[in-house]
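Visitor: Please take a close look at the aromatic side chains of this protein, and at how their rings are placed against one another.

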Amino acid sequence: MNPFNIHAPDGQRIPIVISVPHCGVAFPDEIKTLIRPELLDRPDDTDWFVDTLYDFAPSMGIAMITANYHRWVIDLNRNPDGTPLYTDGRIITGLCPLTDFAGEPLYIDQSVAIENEEIARRKVAYYDPYHAALRKLVEGAKSTFGKVLLWDCHSIRQYVPKVYRDKFPDLILGDGEGAAASPHVIETAYKSLSASTFSVSHNFPFKGGYITREYGKPLEHQQALQLEMTKINYMDDTELFFDHERADKIRVVLRRTLEALMEALALNGK
């Protein structure tokens, strides 16, 4: 299986690329047999249906890349050298996680480490291809338009106590504390998201993962933003099943925000 899918834009392309690195649910056989079987039917920590939520993007001229393998195989939004994204005491799942966000072990043998050789193998097989494809999309748009915005898409349960003790805001915009995008682009996104009934937070408790921090280079006309959202926005109250009515409501906000960002990029030249 290819580690990713590319969803090509319909018609005229615009300088926005969407990345959905945590929607994958597949496991290679050699890893699947090592994971606790009760976790495999519906693996938690999945950004369920985020690729479906953004299925309107290609019709706007936006290229989109989505992951096929689960983040427990290897996390595409973690530093490739394993450096933690946060050091504030929250539970941190690594490049090749050993536990879920609840701190529960993933592996049957309750492994406390994955050998460096195995991590390197997974990087070559699953991590590097996704990032090579993402980089190609970003660089292609930048070459065509002279500028590009990468919109990195995520979702999370309303409550994940080991990460954050309170209920998460509906929408969390991350820009690496202002390092991954220009002030005008950040302000445009934040204002558009805030012009809704959803609660919005900025850089707290998430400020963007590896993808946002690595690809966001505003001085090089390459912007990156991360949007985290609680799953209750587009799933049912159990946060297990897709809810079309809720999804349609949040899609209005997402589409409007991407349209506003497209206009901001156009007005801002390079």
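Guide: What follows goes through the aromatic pairs and the charges that sit over rings. The model is predicted, so local features need pLDDT of at least 70 and side-chain atom pairs count only at pLDDT 80 or more, while totals for chains, interfaces and linings use all residues. Residues are numbered from 1 along each chain as its sequence is written, and side-chain values use heavy atoms, with hydrogens and water left out.

The whole structure holds 11 aromatic pairs (rings of Phe, Tyr and Trp, the latter by its six-membered ring, with centres within 6.5 Å; planes under 30 degrees apart are stacked, over 60 edge-to-face, the rest tilted). Phenylalanine 49 and phenylalanine 242 make an edge-to-face pair, at 5.6 Å centre to centre and 70 degrees between the planes. The two residues are 193 residues apart: phenylalanine 49 is in the loop between α1 (29-32) and α2 (50-53), phenylalanine 242 in the loop between β7 (222-230) and α6 (244-267). Phenylalanine 49 is partly exposed at 25% relative accessible area, whereas phenylalanine 242 is buried at 18% (buried is under 20%, exposed over 50%, partly exposed in between, with a 1.4 Å probe and protein chains only).

Tyrosine 127 and tyrosine 210 form a tilted pair, 6.4 Å centre to centre with 40 degrees between the planes. Tyrosine 127 is buried at 3% relative accessibility, and tyrosine 210 is buried at 11%.

Tyr86, Tyr164, Phe168, Phe204 and Phe206 form one aromatic cluster. Arginine 213 lies over the face of tyrosine 86, 5.3 Å from the ring centre (the criterion is NZ of Lys or CZ of Arg within 6 Å of the ring centre and within 35 degrees of the ring normal).

Technical notes. Helices (H or I, at least four residues) and strands (E, at least two) are DSSP runs, numbered from the N terminus.
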